[in-house]
Amino acid sequence: MADSEAEQARLDREDEEERELVRPPDVNRDSNRSATRLELFFDLAFVLFVGRCADVLAGDETLSGGFRFVAVLVAGWWAWASATLYANRFDTDDAIFRLLTLSGMAGVIIMAASAEQAIGAHAPWFASGYVLLRVVLVAGYLRVWWNLPETRVGIRPYLWGHAAGAACWAVSLAVPGPARYVLWAIGVLLDLFGPALATRARESPPLHLEHLPERFGLLVILVLGESVAAAVVGLRDGHWAAEVLITAAFGFLVTAALWWSYFDLSGGAAKRRLVQEGGERVRRGVHDFYVYAHLPIAVSLAAVAVGLEHAILHGAEEHLSPGTRAVLGAGLAGYLLSAAVVQAVLSRRWRVALIWPGLGVPLVLLATLLPGLSPVALIALYAVILVGGVVTGVTQHRAGEVRVAKV
């Protein structure tokens, strides 16, 4: 009876808190916390942003196009990651937090709409969207500074980093030509130092170690979704030709193998280390590595989506263009290399990670360089390599060589 009354009292307190329109921020400590509906809504804008970045590369599969694609995507990725790190610690889900998040979402929408000409005619709009995101985060951290004095030392690097980044991007609005993009790069670099410096502060508020891998796992799903969309677009624009259909089937196998490789192998091994040891003060650099390592993963998977769309669309042709082959090879090799490093560093089992996904890197590059392969043959070869790698990884897992936690 006493337990029932205590549970009812707890539910009443939670109901009363939910009815409060404004609540002071606090460090999230709920052990069962998962991604909120607001976070998922925010991610919708980022899906559109990744799609527009992919259009940058799809329209120019050269070194110049690849540079613009990476530069724009890095800025957007960090905007998403920094918002995620703030919400991970201080999501109160009250009216002020919701309004700040929705304002940040508006910034992502502006960046998405201007991404294709971000380094060009729409640069002022792209910069304005990024500045809006930084201002929102600065406002959020100022709110925490005011309400939680004990966190001030820990959040100071974030606050100064975001403010400095916003200042650089705001000044760039009045600067023409290449100097504008130099300011963008400086602003992002200043911003990126925040988490690394905050980690070294003893008073830094802890990250929520169940929520963090879930959010970055959702990011991987969002970017992998571009490869699924690539199959749809390729089939539609390829008019369902037999070769196009077969290429799409192998392309889907590639996407499914990438999903399996991350969530059941590399990502799972990373989460296991993060949850089991990441909370210890002497190992808090694990958090930073986990966060930053997802940048090359996201960039690589977005490049794979562009390459798959072009390969499926041109499945009936004899050869793929050198640009599409380069994008596919670089994307797949980049993902496998990033996944291998993440798994090796965080599981501390280098030999196992070198077998898979490490061995996949030279195999993918070799397949990319083989002359005379048709789109169907090349994507089929990629599928064989990746599916074989998943089988290898699952075998390692069953033998106890790869220890994972469910992402």
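In the predicted model, a salt bridge is formed between arginine 351 and glutamate 401, with the closest N and O atoms 3.6 Å apart. This pair connects distant parts of the chain, as arginine 351 belongs to helix H12 (residues 350–358) and glutamate 401 to the segment after helix H14 (375–398), 50 residues apart. Arginine 351 is exposed, its relative accessible area being 52%, whereas glutamate 401 counts as partly exposed at 29% relative accessibility. Elsewhere, Glu39, Asp43 and Arg215 are joined into one network by salt bridges that share partners. The structure holds ten salt bridges.

Helix H12 also contains proline 357. The peptide bond between tryptophan 356 and proline 357 is cis, with omega at about 15 degrees.

Two further salt bridges involve arginine 68 and arginine 143 respectively. Arginine 68 pairs with aspartate 60, and the closest N and O atoms are 3.3 Å apart. With a relative accessibility of 22%, arginine 68 counts as partly exposed. Aspartate 94 and arginine 143 meet through their side chains in a salt bridge with an N to O distance of 2.6 Å. Aspartate 94 is placed in the loop between helix H3 (63–90) and helix H4 (95–114), and arginine 143 in helix H5, so this pair ties together parts that are 49 residues apart in sequence. Both partners are buried: the relative accessible area is 2% for aspartate 94 and 13% for arginine 143.

The loop between H3 and H4 also holds aspartate 93. Although aspartate 93 is not a glycine, its phi is positive, at about 55 degrees. Aspartate 93 counts as partly exposed at 33% relative accessibility, while aspartate 94 is buried. A positive phi, near 60 degrees, is also found at histidine 239, likewise a residue other than glycine. Histidine 239 is part of the loop between helix H8 (211–237) and helix H9 (242–277). The relative accessible area of histidine 239 is 66%, and the residue is therefore exposed.

Proline 206 lies in the loop between H7 and H8. Its relative accessible area of 39% makes proline 206 partly exposed. Between proline 206 and histidine 239 the separation is 33 residues in sequence and 52 Å in space, taken from C-alpha to C-alpha.

Helix H7 (residues 178–199) includes leucine 197, and arginine 180 is found in helix H7 as well. Arginine 180 is buried but has no salt bridge. The nearest side chain of opposite charge belongs to glutamate 116, at a distance of 17 Å. When neighbours within four places in sequence are left aside, the contacts of arginine 180 are Gly120, Ala123, Pro124, Ser172 and Val175.

Leucine 197 is exposed, with 51% relative accessible area. Together with Val182, Ile186, Leu189, Leu190 and Phe193, Leu197 makes a nonpolar surface patch of about 550 Å².

Aromatic contacts were examined as well. Across the whole structure, the search finds 20 aromatic pairs. In one of these, phenylalanine 126 and tryptophan 184 form a tilted pair, with 5.6 Å from centre to centre and 40 degrees between the planes. Since phenylalanine 126 is located in helix H5 (residues 123–147) and tryptophan 184 in helix H7, the pair ties together parts that are 58 residues apart in sequence. Phenylalanine 126 and tryptophan 184 are both buried.

Phe126 and Trp184 also belong to a cluster linked by ring pairs. The other members of this cluster are Phe46, Phe49, Trp80, Tyr130, Trp169, Tyr181, Phe216 and Tyr290. Helix H5 thus takes part in two of the links described, through phenylalanine 126 to tryptophan 184 in helix H7 and through arginine 143 to aspartate 94 in the loop between helix H3 and helix H4.

Notes: Residues numbered from 1 in each chain as written. Predicted model: local features only at pLDDT ≥ 70, side-chain atom pairs only at ≥ 80, totals over all residues. Heavy atoms only, no water. Patch = residues over 30% accessible without salt bridge, like charges linked within 9 Å, V, L, I, M, F, W, Y side chains within 5 Å. Areas by Shrake-Rupley, 256 points an atom, 1.4 Å probe, with all protein chains shown as cover. Salt bridge = Lys/Arg side-chain N within 4 Å of Asp/Glu carboxyl O. Helix = DSSP H or I, 4+ residues; strand = E, 2+ residues; numbered from the N terminus. Buried < 20%, exposed > 50% of the residue type's maximum accessible area, 1.4 Å probe, protein only. Lys, Arg positive; Asp, Glu negative; His and termini not counted. Contact = heavy atoms within 4.5 Å. Phe/Tyr/Trp six-rings, centres within 6.5 Å; stacked < 30°, edge-to-face > 60°.
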